Amino acid sequence: MASHIDGLPVYRYDEVPDGLATRTQLVRDHRRRPAEGQAPRGWLFYHGNKHAPLYEIETARPMRPLSEAQVAAARARRTHAYVCGVCLTESTRPLELSVDRALACGECVMAMMDIRNHDARHRAWQRDRAAAAAWAREVLADPAAAVVAVTEIPVRPAEGVWERTAPSRVVVLSVDGQVLVDVALTPSAPPRRKRDVAADAVPLDQVAERLVEVFGGRRLVAWRGSEMYGLTRGLAGWWHAAHGAVRALPEWRVRHGHELAERVLHWSGHHGGPPEHRPATPEPPVGDALERAHQMLRLLRRVAAIGPVAESEAVR
Ligand SMILES: [Zn+2]
């Protein structure tokens with residue numbers, strides 16, 4: 001930093017002698033302007049590379065005093081910049097963010113973001129819930145639809161067999177509650193507990209024909225599609241042995257989107273609905289396959305019974 005420019009001394013902010021001010025400081029702090037032909041007395045060095053001329057305050061020309069209205073307007077501008085337009089709290093710093101075009105304090109801005117986020121979640125949940133209900137109604141109205149539940153038990157995996165569980169009971173209920181299938185199966189590998197196997201259990205091969213016939217072309221609804229994997233593999237193995245590759249196994253697997261668990265979670269807003277408005281997520285069905293199938297049917301009806309979210313449940 002040069003100590004003189006054009007023969008005038010250069011000052012940092014904290015070195016400026018009393019009685020000198022820049023043009024900006026003259027106007028802002030003293031309501032004066034440099035007089036016609038008033039020569040600077042020095043330079044202010046700022047921002048590491050800039051210089052502003054410094055003038056004698058005494059010699060500078062006083063500006064016309066502000067009218068009362070101007071003073072009031074200036075005060076209002078200042079007040080406006082510092083007072084939250086939502087909660088009217090005065091801030092120590094000028095406000096920068098706004099809510100609905102009014103400058104607002106940080107707390108009010110956060111609160112508004114919360115509300116908007118909340119509203120968006122609520123709308124998303126309404127859509128999810130309506131979609132789940134529409135799906136359930138469609139399933140219940142479909143004569144080809146059925147609810148399926150499979151009980152699996154722990155087994156000792158045989159050589160080269162990956163599964164650690166095997167299906168031990170299969171129940172299929174039509175959507176009007178008729179039992180289409182209820183069979184106990186002997187597991188494909190030795191069970192870990194003998195008592196897990198029902199007295200009337202039969203090998204899958206004995207009932208495979210009937211199961212394939214009942215499943216064929218049906219819209220099956222399972223709690224989770226994964227509970228069908230063991231049974232599906234068993235039936236595919238039997239089909240291959242019985243028919244070879246000549247005939248394709250009829251399509252009956254639980255198709256994507258027919259997992260009741262997912263629909264129920266969407267319906268109850270588990271996937272992000274506002275917590276204070278969502279109904280409790282129903283318990284997953286428990287018990288043996290027959291009990292679970294009946295619980296699933298009841299859940300399906302409960303989901304179907306809910307139309308669009310009622311006005312009383314809407315946030316605002
Ligand atoms: Zn506020």
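**Figure 1. Buried residues of helix H6 in the predicted model.** Helix H6 spans residues 260-267, and its buried residues are Leu-260, Arg-263, Val-264, His-266 and Trp-267. They cover an arc of only 160° around the axis, which puts them on the same side of H6; the arc is that of the directions from the helix axis to the C-beta atoms. A residue is buried if 20 or more other C-beta atoms lie within 10 Å of its own, exposed if 12 or fewer, and partly exposed in between, with C-beta atoms placed from the backbone. The cover over the buried residues of H6 includes helix H3 (106-140), strand S13 (219-221) and helix H7 (289-305). Helices (H or I, at least four residues) and strands (E, at least two) are DSSP runs, numbered from the N terminus. Gly-269, just after H6, has a positive phi of about 75°. Residues are numbered from 1 along each chain as its sequence is written. Because this is a predicted model, local features need pLDDT of at least 70 and side-chain atom pairs count only at pLDDT 80 or more, while totals for chains, interfaces and linings use all residues.

**Figure 2. The open four-stranded sheet.** The strand order is S12-S11-S10-S13, and the pairing is mixed. At the edges stand strand S12 (179-184) and S13, each with a single partner strand, so one side of each is left without a neighbour in the sheet. From one strand to the next the twist averages 30°. Two strands pair if DSSP finds at least two bridges between them. Strand S10 (residues 145-154) and strand S11 (residues 165-174) are antiparallel and pair over nine bridges. Ala-149 is placed opposite Val-171 in S11. Helix H4 (residues 204-215) lies across S11, S12 and S13, at about 150° to S12. Axes are lines fitted to C-alpha atoms, for helices over the stretch in contact, and angles run from 0 to 180 degrees between N-to-C directions.

**Figure 3. The open five-stranded sheet.** Here the order is S1-S2-S5-S6-S3, again with mixed pairing. Strand S1 (4-5) and strand S3 (20-21) are the edge strands, each pairing on one side only. S1 and strand S2 (residues 8-11) run antiparallel and are joined by two bridges. His-4 has Pro-9 in S2 opposite.

**Figure 4. Met-63 in the loop between strand S7 and helix H2.** The loop that holds Met-63 connects strand S7 (61-62) and helix H2 (68-82). Met-63 counts as exposed because it has 12 C-beta neighbours inside 10 Å. When its neighbours within four places in sequence are left aside, Met-63 is in contact with Arg-31, Arg-32 and Arg-33. Two residues are in contact if their C-beta atoms, placed from the backbone, lie within 7 Å. Leu-26 is 37 residues from Met-63 in sequence, and their C-alpha atoms are 9.8 Å apart in space.

**Figure 5. Met-113 in helix H3.** Met-113 has 12 C-beta neighbours inside 10 Å and therefore counts as exposed. Between the C-alpha atoms of Met-113 and Val-99 the separation is 9.2 Å, and the two residues are 14 residues apart along the chain.

**Figure 6. The chain as context for the close-ups.** The chain contains seven helices and 13 strands. Of its 316 residues, 27% are buried. Among contacts with a separation of 6 or more, 61% are between residues 24 or more positions apart.
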